[in-house]
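Biologist: Could you take me through one part of this model in detail? I would love a close look at how two of its helices pack, with enough of the surroundings to place them.

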Amino acid sequence: MEADAFPEELADVLVGVQRLIRRRLRGGVPGPRLRGAEVELLRLVEARPGIGVSAAARRLHLAGNSVSTLVNQLVRDGYLVREADPADRRAARLSLTAAAGQRLADWRRRRTELVGRHVSRLAETDREALRAALPALRRLAATLHEETEET
């Protein structure tokens with residue numbers, strides 16, 4: 001493989017794996033189908049309970065009005081609670097509902113089972129290669145995140 005082709009091939013493989021995982025997990029989920037950005041927002045609120053809409057927009061690298069639209073939809077669907085910030089009544093603080101917590105837990109469990117089932121079908125050398133690649137992939141994600149934070 002040419003050195004110039006490696007970044008594109010890596011990106012294509014990562015995107016392809018993520019797309020296939022998303023497609024496989026769509027089926028059998030009760031309730032309304034959640035788009036990728038909605039799941040990202042729910043996961044962010046789970047990790048940072050009480051986060052505000054503006055801070056969520058910055059963390060997700062989305063426009064504030066886009067996140068407001070997502071918040072409105074998720075509140076309407078019963079997955080988010082929006083409460084006024086006691087320090088600034090104009091600002092909102094977000095938290096998950098029990099339904100959202102259950103949905104995320106179910107999604108994680110199903111994703112782990114799906115990926116685990118397919119990884120177990122690989123040869124041991126391939127499983128070890130994937131395991132060994134995890135630290136480098138985490139560092140790649142960190143540098144991508146840092147670059148995004150700088151802009």
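Modeller: Happy to! Helices here are DSSP runs of H or I with at least four residues, and strands are runs of E with at least two, numbered from the N terminus. Counted that way, this predicted model has six helices and two strands. Starting at the N terminus, their order is α-α-α-α-β-β-α-α.

Now to the packing itself. Helix 2 covers residues 36–47 and helix 5 covers residues 98–120; their axes lie 11 Å apart and form an angle of about 110°. Angles of 65 to 115 degrees count as roughly perpendicular, so helix 2 is roughly perpendicular to helix 5. Which residues meet there? From helix 2 come L42, R43 and E46, and on the helix 5 side they meet A100, L104, W107, R108 and R111.

For the surroundings, picture the C-alpha atoms of the protein in a box of roughly 55 × 40 × 20 Å along the principal axes. Of the 151 residues, 22% are buried, with buried meaning under 20% relative accessible area. The protein exposes about 10500 Å², and carbon and sulfur atoms supply 55% of that area. Among contacts with a separation of 6 or more, 54% join residues 24 or more positions apart.

Since you may care about electrostatics, here is the charge picture too. The protein carries 27 positive and 21 negative charges, and the mean positions of the two sets are 8 Å apart.

Conventions. Residues numbered from 1 in each chain as written. Predicted model: local features only at pLDDT ≥ 70, side-chain atom pairs only at ≥ 80, totals over all residues. Heavy atoms only, no water. Buried < 20%, exposed > 50% of the residue type's maximum accessible area, 1.4 Å probe, protein only. Contact = heavy atoms within 4.5 Å. Areas by Shrake-Rupley, 256 points an atom, 1.4 Å probe, with all protein chains shown as cover. Lys, Arg positive; Asp, Glu negative; His and termini not counted. Charge placed at Lys NZ, Arg CZ, Asp CG, Glu CD. Axes fitted to C-alpha atoms, helices over the stretch in contact; angles between N-to-C directions. Parallel < 35°, antiparallel > 145°, perpendicular 65-115°, else oblique.
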